[in-house]
Structures are given as C-alpha cells and as structure tokens.
Amino acid sequence: MDPVVIELGPLTLRAYNAWLLGGMFVGLALIGWRARRTDAGRAARWLDVALVALVAAGIGARGLHVALNWDCFAASPGQIARLSLGGMAWHGALLTGLPAALIAARLRGVPFRAWADAAALAWPPGLIAAWAGCRSAGCGAGYEVATLADWPGWLVAELPDAYGFVAPRLDVQAAGMLLGAALWALAALLTWRGWLPGIRLWFVLGLSGLGLALLGFLRADYAPTLLDRRADQVFDLALLLVCTVIGGALWLHDRGEKSSLKAGDAV
C-alpha cells in the first residue's frame, strides 16, 4: 500500500505522488535553467510550454490507463476521475504531452527543438522519481525469490507489492532508478558537450524505452497484455522505434543542411 506522507484535513499526499511532484519540480527547474542560458528573454514562455505539457501528459496518462483497464472501469465509471486511487500509464503522457508541447511552443514563440533539448534533461529526474515512488508504493514490483542469501545484495531486497505484501524480491525499482540516473548523466554530457542538438530528447526517450522494456522481464506486477506480451513492454519498444525514426530523420535533415551550407560557401 502507498504510505501517507502528509495528511492535512481533506488533503492527503501519498509517497508515490510526493515523489512525482518532486520529480516535476526538478524537471521544471532544469527547463527554466536551460531557458535562461539559451533564450533568456523568453524563459517564462519555456515554462509555460512545460506546464501545458504536464497537464496534457496527466490527462493522457490517465486516459491510457483507463483504456487498457476498461473492463474494470466500465463497471465503475465514477472511478475514472478518482486519481487518488492511482493508475497512470506514462506512455499515454508522451502521446499527449509532446504534441501539446509542440503546439504550445509554436503559440508562445518558443523554439521547440531547443525546448526539447531542455526536456531531455528534465525527463530522467521524473523517471527516477516514479521508480522511487514505486519502491514505496509497491508498484512495478519484481519477482519473488526464495531467499535473499541466494542473490547479490544489490539485486534483491525485502520489498512490498501493490497490496502491501512484503517478500524478498528482485529490486526492479532500484534498477529503474539506476536507469534514470544513467540517462540523466548522459543527457548532462550531451548538453555540456553540445552534442546532438535538437535530437537529445528523442535519443534519451528511445533509450528509456529500451531500458524499461528489458526491466519488464523482471517485473511480477499485473499488467494488461498486448500481442501476448506485457502492454508496457510493447509500448516501450514502440517508443524506441518511433524515437529512432524521428531522431534519425532530424539528424539526416541537419546533416543535409550543413552539407548545403558548405556547398554554398565553396561556391
């Protein structure tokens, strides 16, 4: 069960949501920092785009979760809006959040590819926060093992599942947090060195899809199925494919423009 962190009258904040809020604040701070360094005159507009993306992402994440579990929600449609019960599918967040960010960027006059590079820095903290929240709430729990003594200490731990049952398990949540930390370090390196400008978000998201698809083989929590696999793994691999196509197309486009400029200079 997801433990309560703050309870003030009707306001109840549980651990998972507290971690998510922390990840969002860190992500917004990073986008604001990049905006001040690259587009200081419109830094507030960059944050406007980020907030629009977050709202749209929340709607998409809830919508995809409801769609994947429609058999349950069809019997109790009143629970669709009860976000306190949990249930968000992060792939849905990308499906709605990124198009919303693109539209908002154009309306606010923000260069989307530069904003996306900032979002590449902001995404990994959210991933770390989501897995840290799951470690408290039991979501994304790994397979049970017979005893901790049979496994390396860094790979297993006494952890709860979503129902609060504590058992020795593969520590998938810690692996997810490590994946997020590695992606954050990679995004920071790309930003520092100025590599892959305008493509960094697609690169980081694609690697996220690959890493999470692999972690899916270690998860024992319930998940809807698609194509005889966990639906989240199918979406993870689809994300990897889409990001590879988009990132590759942008890289070829940028390379073509550079070649054209060099040819023009030669003439």
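## Exposure, helix packing and a surface patch

Asp228 is exposed, with a relative accessible area of 75%. The value comes from a predicted model, as does everything else in this report.

**Loop residues with positive phi**

Asp228 sits in the loop that links strand S5 (225-226) to strand S6 (229-230). Its phi is positive, about 65 degrees, although the residue is not a glycine. A second case is Leu196, where phi is near 50 degrees, again a positive value in a residue other than glycine. Leu196 belongs to the loop between helix H6 (172-193) and helix H7 (200-215). Its relative accessibility is 30%, so Leu196 counts as partly exposed; that class lies between the cut-offs of 20% for buried and 50% for exposed.

**Accessibility of four residues**

The table sets out the two loop residues together with one residue from helix H1 and one from helix H5.

| Residue | Location | Relative accessible area | Class |
|---|---|---|---|
| Asp228 | loop between S5 and S6 | 75% | exposed |
| Phe25 | helix H1 | 57% | exposed |
| Leu196 | loop between H6 and H7 | 30% | partly exposed |
| Ile128 | helix H5 | 18% | buried |

**Packing of H5 and H6**

Helix H5 spans residues 112-137 and packs with H6 at an angle of about 170 degrees, the two axes being 8 Å apart. Angles over 145 degrees count as roughly antiparallel, and therefore H5 is roughly antiparallel to H6. Sorted by class, the residues in the contact of H5 with H6 are 18 nonpolar, 4 polar and 1 charged.

Ile128 is a residue of H5. It counts as buried because its relative accessibility of 18% falls under the 20% cut-off. Between Ile128 and Arg37 there are 25 Å in space, C-alpha to C-alpha, and the two are 91 residues apart in sequence.

**A nonpolar surface patch**

Five side chains make up a nonpolar patch on the surface: Leu21, Met24, Phe25, Leu51 and Leu54. Together they have about 450 Å² of accessible area. Helix H1 (15-38) and helix H2 (43-68) are the elements that each give two or more residues to the patch. H1 supplies the largest share, 3 residues.

Phe25, a member of the patch, is found in helix H1. Its relative accessible area is 57%, so Phe25 counts as exposed, the cut-off for that class being over 50%.

Key:
Residues numbered from 1 in each chain as written. Predicted model: local features only at pLDDT ≥ 70, side-chain atom pairs only at ≥ 80, totals over all residues. Heavy atoms only, no water. Helix = DSSP H or I, 4+ residues; strand = E, 2+ residues; numbered from the N terminus. Buried < 20%, exposed > 50% of the residue type's maximum accessible area, 1.4 Å probe, protein only. Axes fitted to C-alpha atoms, helices over the stretch in contact; angles between N-to-C directions. Parallel < 35°, antiparallel > 145°, perpendicular 65-115°, else oblique. Nonpolar A, V, L, I, M, F, W, Y, C, P; charged D, E, K, R; others polar. Patch = residues over 30% accessible without salt bridge, like charges linked within 9 Å, V, L, I, M, F, W, Y side chains within 5 Å. Areas by Shrake-Rupley, 256 points an atom, 1.4 Å probe, with all protein chains shown as cover. Salt bridge = Lys/Arg side-chain N within 4 Å of Asp/Glu carboxyl O.
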